[in-house]
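Visitor: I would like to go through this structure with you and hear, for each term you use, on what grounds it applies.
Guide: Gladly; let us look at it together and begin with a term.

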Amino acid sequence: MQLTEKTCSQMKLRFDYNNMMKDFIGEQGFSAATLAESKGLCQSAFDTVQKNRGQNMMGWSELPYNQDAIVADIVETANKVRAKFKYFVVLGIGGSALGPIAVFNALKHLHYNDLPDEKRGGPKFYVEDNVDPERMNALLDVIELDKTCFNVITKSGSTSETMSQYLIVWDLLTKAFGDKAKDHMIATTSEFKGNLIKLAQKEGLKTFYIPEGVGGRFSELCPVGLLPAAVLGIDIAAMLKGAEYMDKTCSSADINKNPAMAFAVMQYLAMKDGKNVSVMMPYADSLKYMADWYCQLWAESLGKDQTKSGKKVNVGQTPVKSLGVTDQHSQVQLYTEGPFDKVVTFIAVDNYRSQFVIPDGCEEFPNVNFLCGHTMNQLISTEMMATEYALTQKKRMNNTIYLPEVNEFTLGELMFMLELATAYAGEMLEIDTYNQPGVEGGKNATYAMFGRAGYEEKRAELESAPKKKDQYIAK
Ligand code: PA5
């Protein structure tokens with residue numbers, strides 16, 4: 001992408017919070033006075049995030065600036081993969097999978113894997129983020145091992161799901177290719193912790209490192225996401241530029257100049273008012289999985305049971321993914337008339353990358369003919385406005401993130417904005433945004449039940465837990 005100052009400003013993301021305000025939704029909304037009163041809260045969240053940039057688990061904030069050498073290595077490696085392989089498979093879960101899935105779907109053809117080789121222009125792409133045995137077999141049915149490069153991604157280097165996938169695939173590769181197996185596997189992991197780094201060193205795998213201060217759900221803009229994106233031919237430098245542009249845009253605590261702060265404070269104030277559900281509803285198929293990525297970011301970062309000072313709280317909004325217009329025909333009824341417990345965030349696209357005209361030819365049926373001659377682009381945008389209007393009429397909090405179009409730059413902006421918003425919201429809630437004891441609880445229980453050394457106490461605890469009673473099972 002050619003990125004001049006002008007093209008960057010034409011690609012600037014906007015966040016519209018009109019329909020969060022009393023002016024539009026009456027008593028359910030915020031007054032100008034409430035926003036004025038929250039200025040101190042915004043300033044304090046902004047100052048803390050600024051002060052902590054690049055430190056501890058805030059390594060993600062520097063990713064747009066400190067990866068020149070890494071990006072060069074990624075692009076060189078990606079070009080080799082693109083030249084040599086027909087399939088590229090990511091083995092990973094959570095933050096090691098959702099970013100690659102979101103970016104792939106946003107920026108590649110919507111039926112990319114079904115395109116013929118010459119139209120696809122790069123390897124077919126799969127992300128295996130489950131340990132369902134049917135899915136593993138299904139993958140093996142559609143790839144050709146000799147034409148496949150695997151990218152095993154795990155920050156901790158010990159996640160059971162990813163390590164079991166690695167073991168299965170590595171076994172297949174070594175049986176098929178002997179000491180050439182390593183040419184089919186790239187590892188992305190911590191340089192210092194976990195088991196994958198040790199295995200990668202032993203087997204001589206090409207390895208990219210996940211910086212220590214970058215947690216799983218904040219890792220899309222490091223090698224976790226950048227390598228798969230580059231293998232797909234995505235301009236990763238433009239993604240990072242978009243993130244940098246958003247970072248620079250958000251350089252004050254003023255909510256009208258900092259879309260991330262505006263998003264964070266709206267959600268925070270809404271949570272205080274009992275709006276404990278955050279619906280993310282893109283009006284673009286390409287952004288469907290961005291909603292998934294957001295759900296993990298928002299849920300794992302903000303769903304906590306204590307503040308940093310140890311005060312007992314149970315905070316966090318339940319994020320829900322929704323797709324416009326599809327879910328107008330399933331979930332919107334609830335959003336419009338159900339409990340007043342939601343904030344709906346639309347993601348609107350000003351210019352879609354394609355256009356489709358609804359043809360004429362139905363003049364004798366006026367109730368169908370009204371569609372004719374319009375574009376699908378007009379229809380999807382109008383339906384978003386109609387849903388926004390319907391929600392607003394019913395006094396439901398809603399806001400809209402506008403992307404001028406979906407491209408590498410705007411995706412970088414969007415992801416960085418939501419990461420910053422999560423960081424600000426975490427400060428407002430006074431919680432540790434970057435830990436995930438709830439996720440680790442499940443991981444540790446699995447280790448214990450599978451007999452991993454060091455988890456004996458956990459195993460004893462599990463074995464002494466109350467057993468399920470047959471009387472409560474319906475048969
Ligand atoms: O955000 C997180 O830290 C988690 O969701 C992790 O990404 C997820 O559990 C996978 O962990 P790992 O990358 O260590 O395998």
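Guide: Helices and strands here are DSSP runs, of at least four residues for a helix and at least two for a strand, numbered from the N terminus. By that reckoning Val-325 is found in the loop between β10 (318-321) and α15 (332-337). Please keep in mind that this is a predicted model.

Visitor: What makes the bond that joins Gly-324 and Val-325 a cis peptide bond?
Guide: The value to look at is omega, which is about -5 degrees for the peptide bond between Gly-324 and Val-325, and the bond is listed as cis.

Visitor: What is notable about phi of Asn-56?
Guide: Phi of Asn-56 is near 45 degrees, a positive value, and the residue is one other than glycine. Asn-56 has its place in the loop between α4 and α5.

Visitor: Which residues does Arg-53 touch, leaving aside those up to four places away in sequence?
Guide: Arg-53, which lies in the loop between α4 (39-52) and α5 (68-84), touches Met-58, Ser-61, Glu-62, Tyr-65 and Asp-247. With Asp-247 there is a polar contact of 2.8 Å between the side chains, and a polar atom of the Arg-53 side chain lies 3.1 Å from the backbone oxygen of Ser-61.

Visitor: Why is the pair of Asp-117 and Arg-120 called a salt bridge?
Guide: The rule asks for a side-chain nitrogen of Lys or Arg within 4 Å of a carboxyl oxygen of Asp or Glu. The closest N and O atoms of Asp-117 and Arg-120 are 3.1 Å apart, so the pair meets the rule. Both residues lie in helix α7 (residues 117-120), three residues apart, which is about one turn of the helix. The structure holds 26 salt bridges.

Visitor: How is the chain divided into domains?
Guide: The domain assignment gives domain 1 (5-55 + 239-429) and domain 2 (60-237). To their contact domain 1 contributes 32 residues and domain 2 contributes 28 residues, while the C-alpha centres of the two domains lie 29 Å apart.

Visitor: What area is buried between domain 1 and domain 2?
Guide: The size of an interface is often given as the accessible area lost when the parts come together. Between domain 1 and domain 2 about 2600 Å² is buried, and carbon and sulfur atoms give 67% of it.

Visitor: How many salt bridges and polar contacts are counted between the two domains?
Guide: The count between domain 1 and domain 2 is two salt bridges, and the rule finds 15 residue pairs in polar contact across the interface. On the side of domain 1 that touches domain 2, α12 (236-249), α14 (288-302) and α18 (408-429) each supply at least two residues. By class, that side of domain 1 has 14 nonpolar, six polar and 12 charged residues.

Visitor: How do you know that Arg-217 forms a salt bridge with Glu-300?
Guide: The closest N and O atoms of Arg-217 and Glu-300 are 3.0 Å apart, which is within 4 Å, so the pair is called a salt bridge.

Visitor: Which residues are closest to the ligand?
Guide: Of the 15 residues that surround the ligand, the closest are Ser-96, Thr-154, Ser-156, Thr-159 and Gln-296.

Visitor: Why is Lys-443 said to make a polar contact with the ligand?
Guide: A polar side-chain atom of Lys-443 lies 3.1 Å from an oxygen atom of the ligand, and the limit for such a pair of N or O atoms is 3.5 Å, so the term applies. Backbone atoms also take part: a polar one of Gly-95 is 2.8 Å from a ligand oxygen atom, and a backbone N or O atom of Lys-155 lies 2.8 Å from an oxygen atom of the ligand.

Notes:
Residues are numbered from 1 along each chain as its sequence is written. This is a predicted model: local features need pLDDT of at least 70, side-chain atom pairs count only at pLDDT 80 or more; totals for chains, interfaces and linings use all residues. Side-chain values use heavy atoms; hydrogens and water are left out. Domain bounds come from an automatic or database domain assignment. Contact means heavy atoms within 4.5 Å. Buried area is the accessible area (1.4 Å probe) that two parts lose on being put together, summed over both. A polar contact is a pair of N or O atoms within 3.5 Å; within protein, one must be able to donate a hydrogen and the other to accept it, and residues adjacent in sequence count only if both atoms are side-chain atoms. Ala, Val, Leu, Ile, Met, Phe, Trp, Tyr, Cys and Pro count as nonpolar, Asp, Glu, Lys and Arg as charged, and the others, Gly among them, as polar. A residue is near a molecule or strand if one of its heavy atoms lies within 4 Å of it.
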